[in-house]
Amino acid sequence: MSKQRIAILGSTGSIGKQALEVIRENKELFQVEVLTAGNNWQLLVNQAFEFNPNCVVIANPSYYPKVQEALARVQVKVYTGTEALEQVVQSDSVDVVISALVGFSGLFPTVAAIKAGKKIALANKESLVVAGEIVMRLSEEHHAPILPVDSEHSAIFQSLVGERSQIEKIILTAS
């Protein structure tokens, strides 16, 4: 069985760090291909040294020189900016995209990954709040499964497993 090649959007956040813990314990099953961060460039660099991805993206361009300098001696490509997030998830070297960016920033990279037919592990619920109908339609059109990984929507998903009747509507309250 070949390894699942993973891109983690938001690798320095809570979900991203938890995903890396799972990968660390299951290196025979997973290979990290892409790591991304918004501002936490130091942790991104440390993660790159440990997991040796193909590339990293630091969304905030002001940290790009620091990341590039820190990773100059290893074979990790360094990109910056939000457009780079959309491009790296489309790579043929990525099988699964863990979308754990905060807020609206996760929408466009998630859509780009869906259009590329990637399996999506979605922790960015704002993508569904803002554009759920579009995201789900694209998921179906591009045969890109979406799996919930954050606690709230994962709980909903788990509660529906084994449900025999057709669910017409789910109403959630928000904090």
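This section describes helix α6, the salt bridges, a nonpolar surface patch and one loop residue in a predicted model.

Helix α6 comprises residues 125-141 and departs from a straight course. A straight helix of 17 residues would span 24 Å at 1.5 Å a residue, whereas the end C-alpha atoms of α6 are separated by only 20 Å. The helix contains a kink of about 105°, and the centre of this kink is Ala-131. Ala-131 also belongs to the buried residues of α6, which further include Ser-127, Gly-132, Val-135, Leu-138 and Ser-139. Among the elements that cover these buried residues are helix α5, residues 107-115, and strand β7, residues 146-148. Beyond the helix, α6 is followed by His-143, for which phi is positive, near 50°.

A salt bridge is also present within α6. The side chains of Arg-137 and Glu-141 meet at an N to O distance of 3.1 Å. Because these two residues are 4 positions apart in helix α6, about one helical turn separates Arg-137 from Glu-141. In an α-helix there are 3.6 residues a turn, so residues three or four places apart point the same way. Arg-137 is partly exposed, its relative accessible area being 44%. Glu-141, at 45% relative accessibility, likewise counts as partly exposed.

In the whole structure, the search returns 3 salt bridges. In addition to the pair in α6, one of them joins Arg-5 to Asp-95, with the closest N and O atoms 2.8 Å apart. This pair links distant parts of the chain: Arg-5 lies in strand β1 (residues 4-9), while Asp-95 is found in the loop between α4 (82-88) and β5 (96-99), 90 residues apart. Arg-5 is classed as partly exposed at 29% relative accessibility, and Asp-95 is classed as partly exposed at 25%.

A salt bridge is likewise formed between Glu-50 and Arg-24, where the closest N and O atoms lie 2.6 Å apart. Glu-50 is located in helix α2 (residues 41-51) and Arg-24 in helix α1, so this contact ties together parts that are 26 residues apart in sequence. Both partners are again assigned to the intermediate accessibility class: Glu-50 counts as partly exposed at 40% relative accessibility, and Arg-24 is partly exposed with a relative accessible area of 34%.

Helix α1 (14-25) also bounds the loop that holds Lys-27, the other boundary being strand β2 (30-37). Lys-27 has a relative accessible area of 48% and is therefore partly exposed, since the exposed class requires a value over 50%. The C-alpha atoms of Lys-27 and Phe-51 are 9.7 Å apart in space, and the two residues are 24 residues apart in sequence.

The nonpolar surface was examined as well. Phe-104, Phe-108, Val-129 and Val-130 make a nonpolar surface patch of about 430 Å². Of these residues, Phe-108 lies in helix α5, an element that helps to cover the buried residues of α6. The relative accessible area of Phe-108 is 46%, and this residue is accordingly partly exposed.

How values were computed:
Residues numbered from 1 in each chain as written. Predicted model: local features only at pLDDT ≥ 70, side-chain atom pairs only at ≥ 80, totals over all residues. Heavy atoms only, no water. Expected span 1.5 Å × (residues − 1). Bend = angle between axes of the 7 residues up to and from the residue. Buried < 20%, exposed > 50% of the residue type's maximum accessible area, 1.4 Å probe, protein only. Contact = heavy atoms within 4.5 Å. Patch = residues over 30% accessible without salt bridge, like charges linked within 9 Å, V, L, I, M, F, W, Y side chains within 5 Å. Areas by Shrake-Rupley, 256 points an atom, 1.4 Å probe, with all protein chains shown as cover. Salt bridge = Lys/Arg side-chain N within 4 Å of Asp/Glu carboxyl O.
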